[in-house]
Amino acid sequence: MKLLNSLILCIIALIFGILFFAYQKEWLIISTNFSGKYLDKNLENNKTLYKKNIKLFCFQNNKYKRENVEIIFSDNIEENIQKIVSNWLDFLQEEKIIEKVNLQNSFVSLSLQELYLSFDRPILSSELPTFEKLVIIESLLKTLRDNDIKLSKIYFLINNQEMVDAHLDFSNPWPIEGFFQT
């Protein structure tokens, strides 16, 4: 009897373990919406969703390195920019160019010409030389340009406050055209 109870307990633990693993890998989705109105918010707002290959850039070994990533785009430019910049940050972290940084939010001005990017911490280490800081910013500008983000200026913020750096001036917006010829 004790062996049977142990076997049943092991089988139950195995099943829960498999379910937990599937949930962690997002193979299993658990919804708490039991109202019968299970609609995607994007469908409710009549948003168009589509897959798009985006190009991410970083500057290494005196040249731009490019990585292609597929993401889900919508009609909302702020959401698209959030996805592009978040993927760009992940790319730079994988390449060991920057430390872990998250994009808190992105705002586009009413004129649709200015972008405000707010990060949770500085994206540029204070120990980096000025040139390296500049090419990191340029790689973000190039990433946005090459993914058809039609803006003219970008403000860089930390916790929704002006980004401060000893070498680069972030008190004014940066032109999306950048300063380098690519």
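A salt bridge, as I use the term today, is a side-chain nitrogen of Lys or Arg within 4 Å of a carboxyl oxygen of Asp or Glu, and the structure in front of you holds six of them.

Before going on, I should say that this is a predicted model, in which local features need pLDDT of at least 70 and side-chain atom pairs count only at pLDDT 80 or more, while totals for chains, interfaces and linings use all residues. Residues are numbered from 1 along each chain as its sequence is written, and side-chain values use heavy atoms, leaving out hydrogens and water.

One of the salt bridges joins the side chains of glutamate 70 and lysine 51, at 4.0 Å from N to O. Because glutamate 70 lies in strand S2 and lysine 51 in strand S1, residues 50-60, this pair ties together parts that are 19 residues apart in sequence; strands here are DSSP runs of E of at least two residues, and helices are runs of H or I of at least four, numbered from the N terminus. Lysine 51 is exposed, at 59% relative accessibility, where exposed means over 50%, buried under 20%, and partly exposed in between, with a 1.4 Å probe and protein chains only.

Let me turn to serine 74, in the loop between strand S2 (63-73) and helix H3 (77-94). Is serine 74 buried or exposed? With a relative accessible area of 3%, serine 74 is buried. Setting aside neighbours within four places in sequence, serine 74 is in contact (heavy atoms within 4.5 Å) with Thr48, Leu49, Tyr50, Glu79 and Asn80.
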